[in-house]
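Open the model in your viewer and start with a cartoon view. The tour goes from the whole fold to a single pair of rings.

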Amino acid sequence: MTTPVVYPNPCKGRDVLVDFTIAQPVKFVSLEIVTDAYRKVHREVVLGNAAAIGNGNTGFVIGRNTVRLSLGSLRLANGVYYLVVRLPDGTKAIGKLVILR
């Protein structure tokens, strides 16, 4: 898996898009937001495309995938956070997220 790219970055605490590339199809990914002191402040499991899963395929395909992450309700303070994308097999990749309001 490649390092996730978050944009817009820095963001104003609203929605962000997370791009990542995987080498195997999976049905879901876990997104975690962690402070620079390694305190987990948010965890969200994102299912792949429901229509694709219903057709016998997996939700996230080999190659580039994009997920929308809504930050508005989290009320995160200004600062640097780490975004961890974790696959069901335990593989993870870490990117940075900067919040400036």
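Trace the chain from the N terminus: the order of elements is β-β-β-β-α-β-β-β. That gives one helix and seven strands. Keep in mind that this is a predicted model.

Stay with the whole chain. The C-alpha trace spans about 40 × 25 × 20 Å along its principal axes. A compact globule of 101 residues would have a radius of gyration near 13 Å, and the protein's 14 Å agrees with that. Now switch on the surface. Its accessible area is about 5,900 Å², with 53% belonging to carbon and sulfur atoms. Buried residues make up 38% of the 101.

Next, select the largest nonpolar core, which has 22 residues. Show Phe20, Val29, Phe60, Leu69, Leu71 and Leu97 as sticks; these touch the most other members. Colour strands 2 (15-22), 3 (28-35), 5 (63-70), 6 (79-86) and 7 (92-99): each gives two or more residues to this core. Strand 2 gives the most, with four.

Zoom in on Phe20. Which residues does Phe20 touch, leaving out those up to four places away in sequence? They are Met1, Thr2, Pro4, Val29, Phe60, Gly63, Arg64, Asn65, Val67 and Val85.

Finally, keep Phe20 and Phe60 on screen. Both are buried. They form a tilted aromatic pair, 6.0 Å centre to centre with 50 degrees between the planes. The structure holds one such aromatic pair. Phe20 lies in strand 2 and Phe60 in the loop between helix 1 (50-54) and strand 5, so the pair ties together parts 40 residues apart in sequence.

Note on methods. Residues numbered from 1 in each chain as written. Predicted model: local features only at pLDDT ≥ 70, side-chain atom pairs only at ≥ 80, totals over all residues. Heavy atoms only, no water. Core = buried A, V, L, I, M, F, W, Y, C linked by side-chain atoms within 4.5 Å. Buried < 20%, exposed > 50% of the residue type's maximum accessible area, 1.4 Å probe, protein only. Contact = heavy atoms within 4.5 Å. Phe/Tyr/Trp six-rings, centres within 6.5 Å; stacked < 30°, edge-to-face > 60°. Rg over C-alpha atoms; globule rule 2.2 N^0.38 Å. Areas by Shrake-Rupley, 256 points an atom, 1.4 Å probe, with all protein chains shown as cover.
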